[in-house]
Amino acid sequence: MAGQDVERSPRPRWNRVLLKLSGEILAGEARSGIDHPTVRALAEQIGEVRGLGCQLAIVVGGGNIFRGTDAARVGMGRA
C-alpha cells in the first residue's frame, strides 16, 4: 500500500487504563475547590479516549477539598 493515502483510526496502546486524577487538577487555576470549566475539559478528553474503545477506571483524589492531615489534628484517623 505504499504511496496510497490510507486513513487509519487511532488505536489505543492499551485496552484498559487506570487514570488517577489529583483533586488539585479539578481546581484548575483556583488551587482549591472545583473549577467547572476544568472538569468539563477533562470530561471531554476522557470521552475522546473512551471513544477509541478504551475501558477506563478513574480514581479522583479529594485533597483539594479535604485533607487527612486536617482531620488528624482533631483526632480522626488519616485513612
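These legends go with close-up views of a predicted model.

**View 1. The whole fold, strand first in the pattern β-α-α-β-α.** The protein has three helices and two strands; here helices (H or I, at least four residues) and strands (E, at least two) are DSSP runs, numbered from the N terminus. Residues are numbered from 1 along each chain as its sequence is written. Since this is a predicted model, local features need pLDDT of at least 70 and side-chain atom pairs count only at pLDDT 80 or more, while totals for chains, interfaces and linings use all residues, and side-chain values use heavy atoms, with hydrogens and water left out.

**View 2. Surface and contacts of the protein.** About 6,800 Å² is exposed, and carbon and sulfur atoms supply 52% of that (Shrake-Rupley method, 1.4 Å probe; for residues, only the protein chains shown count as cover). Of the 79 residues, 14% count as buried, meaning under 20% relative accessible area (1.4 Å probe, protein chains only). Take the contacts (heavy atoms within 4.5 Å) with a separation of 6 or more: 65% of them join residues 24 or more positions apart.

**View 3. Thr 38 in helix 2.** Thr 38 counts as buried because its relative accessibility is 18%. Skip its neighbours within four places in sequence, and Thr 38 touches Ile 25, Leu 26 and Gly 28.

**View 4. Helix 2, end to end, and what follows.** Helix 2 covers residues 36-51. Its 16 residues reach 22 Å from first C-alpha to last, close to the 22 Å expected at 1.5 Å a residue (1.5 Å times one less than the number of residues). After helix 2 comes Gly 53, with a positive phi near 95°.

Note on methods. Buried < 20%, exposed > 50% of the residue type's maximum accessible area, 1.4 Å probe, protein only.
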